[in-house]
Amino acid sequence: MFLTPALCCNLQLCSLLMESLKSLVPEELRQAIAGGTCESLPVTCGRLLQFFLRLPHFQQVISELTDLETALCRKDKLKALDFKLKGNECFSKGDFTRAISFYCEGLRYAPVSRYVKELNLVATLYVNRASSFHKLGLLEESLRDCNRAIALKPNYAKAWYRRGKVNESLRNYKVSISDLKVALTMEETATGQNNIKKELNVLNGKSDKTIEQKVDKSSHSEESSDVKLQTVTTFNKGRGIVSPNDISPASLIHSENPIAAIITKQFRQTHCHYCFQKVNKDGLYCTSCTIPIYCSDNCFIQATGKLSFSHQEDISRDVINHVENVICENSIKFEGKIAEHKHECGGAHWSVVLPCDVVLAGRVMTQKSENRILDFVHHYERLSTGDKFEMHIYAIVLYFCMQKYNKFDFSSTESFISELVLLICKIKFNSMAIVHVDSTDGDPNFQTTSINQVRVGQAIYSTGSLFNHSCKPNSNIYFISRTLFVRTTEFVLAGTPLEISYGPQVGEIDLIERQKTLEDQYKFKCDCSGCSNLNFSDLVINSFSCPKSDCFGAVLGNNISLKLSEDYSAQVLIGTSQVVKLSLPSDKNIDKVTSKIFQKSEIPSQIDPGNCLNCNSYQDLDSANKIANNAKICMDRLLDSINEDKMSQKMVLLDALDCLEKIRSVKHSYSKAVAQAEDSMGELFAKTGDMERALKYCKASIEILERLYHSKHVTIGHELIKLATIQTSLCHNSDASDTIKRVEEIFSLYYGPHAKKLFPYINTLSVS
């Protein structure tokens, strides 16, 4: 949403009020909550509720969050008129881009109701924005805004005139003539009527050149899954998903839409609040508040459940028929049961202030009763004292915020609030981050393609949330809009658990960090195959090189030691605390960096931090860490400072090469630090136009990453995109073609036919 200074100030005030609310709770009540169990929740919730009800400060907090009279997310006609005036000024000066931004803000604040004056204002803003789009050649955007204005005000001559002119630009001459004829019947001034007649005379000779309008009928895919899934329960992982049949690689095994979803806070201003895609310039705004923005009429209706009001006038039957054709052509049916934004609407900003987990719980709770009690683990007993206390407060605050718009029929308020506590917990541990690919298509003649995966939303799925985690998953999840897809990435035997990654994976971060992340975020200790067997990646990913120049052994860092046993297993220790016990598989890659120590006849009792796994030589980790960290900081700074000055570029490259050598001197050749430094060096050379050397370092980085992951891992696919753009720029067409084929093979494995939709630049590279 648009964060004005006043709103930012109010949000900070609400945050302070919440913190002060926590500080007022007596210690004895805090202790009761901390020591409480799931069974005692109604009691502890009831006690905290009764305490708050007697507290004037609590009433102030609820008022700050829900009072529509003082809410800063409410509509404001005066602001809308001011933005309209500013937009008109920019339009008259020919600054159409800036005019559009003002008209957008006008639409954000303009109230929409059945009052004619308010409908007129919104319709005018749409037409003014449509005119600006038309001037910039954004014809489809302009046409959509004309249709929106007509849906609000069917007798609006300017909307019909602008629609006619846009259709003329689109060479939809037959439709353009119909539009202008409608405009002519509605135009009241003689000058306006004469202008329209002139336009019609010009168009009459072009009516036989009609080209049909493009209708957006995009869908995710016709692909469907015929894989049978079953829910099973195991001792160590609880419920999970398996199939009674063997499954081939790249098979789509599941897809579903969420029970409820919410946009991540940092993308509120730029992404659609329903489908989470980036919003184009013709975004739509909620009719009752200024919080959400939507990318299309469909998303607007699915999120709000609202249809635009239509102000009918006394107009001829022929005109009515054409109006109905235009409106019906663009009509969209609400597909949900209860619109997810409806209970948050009206201008109150509680849904902006409260954490996403809490607001998402409110959205789940407003759905039909069978969805209220999600059948997921809640881990309430595993929560920290502070988390339990916070869950109680948020559940009570959410209850009162929602009561303003939903009068829940519950016999016991305490039971309802305790259900909210568990629901927030379930969402915290079972919701999924909706991740979209944000790609910056690189210019092959200059530099490489940059790919980022961004967390745009959060959602809870009835089946998708049951897939268990593995650090070496056999299935991949991805999202198109808010729809979840699950696809196998390897052959899976019948009855084998179908597992996805909750984030941490072998090759991305080491064993210690994976274990910590999963325990902190999801409250379980991972014992997947990646965490129960020693992986080559875990040995080298953060390791240092042996101080002996002729030894290829790895030196573990981060105060990590290995305690070896006679049964050929190893305990991973941090200090003196055991993290996990691993079996030591036969692996030729592991042998390269541990060849002497892991021979059964030469197993020492323990390999201490700083000791080489191959020859037991000692590396000064403090000194090595300092060298590597300083070199990385310098390398990052150099990446940001490169410019077009040739002399400056030469100095930057020399400094960067020095940083790379320093990192290579202390970090193991297969460590991620070296891979990242090689990649940064390739990027620097690409930015300076030296694509031959960029190619060299890009290849070096990929070779390391293939050892940390595997050659068909999706991460390798992303890196190969960079390689292909460099090869294309050097006209190494045969090599580029081979690289692109590898990319297509990897992405088809992870995304199936959706790969082309998710990564459209692959097609561009193929054509190049």
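Tutor: Strands count as paired when DSSP finds at least two bridges between them; strands (E, at least two residues) and helices (H or I, at least four) are DSSP runs numbered from the N terminus. The model is predicted, with local features needing pLDDT of at least 70 and side-chain atom pairs 80 or more, while totals for chains, interfaces and linings use all residues. Residues are numbered from 1 along each chain as written, and side-chain values use heavy atoms, without hydrogens or water.

Student: In what order do the three strands of the open sheet stand?
Tutor: The pairing in this sheet is antiparallel. S3 (252-256) and S10 (475-480) are at the edges, each with a single partner strand, so one side of each has no neighbour in the sheet. The order is therefore S3-S11-S10.

Student: Over how many bridges do S3 and S11 pair?
Tutor: S11 covers residues 483-488. S3 pairs with S11 in the antiparallel sense, and the count of bridges is four.

Student: Which residue in S11 stands opposite Ser255?
Tutor: S3 spans 252-256, and S3 is paired with S11. Opposite Ser255, in S11, stands Phe485.

Student: By how many degrees are neighbouring strands of this sheet turned against each other on average?
Tutor: The sheet holds three strands, S3, S11 and S10. With direction ignored, the average turn between neighbouring strands is 20 degrees.

Student: At about what angle to S11 does helix H27 run?
Tutor: H27 takes in residues 733-751 and lies across S10 and S11. Angles, from 0 to 180 degrees, are taken between N-to-C directions of lines fitted to C-alpha atoms, for helices over the stretch in contact (heavy atoms within 4.5 Å). For H27 against S11, the angle is about 115 degrees.
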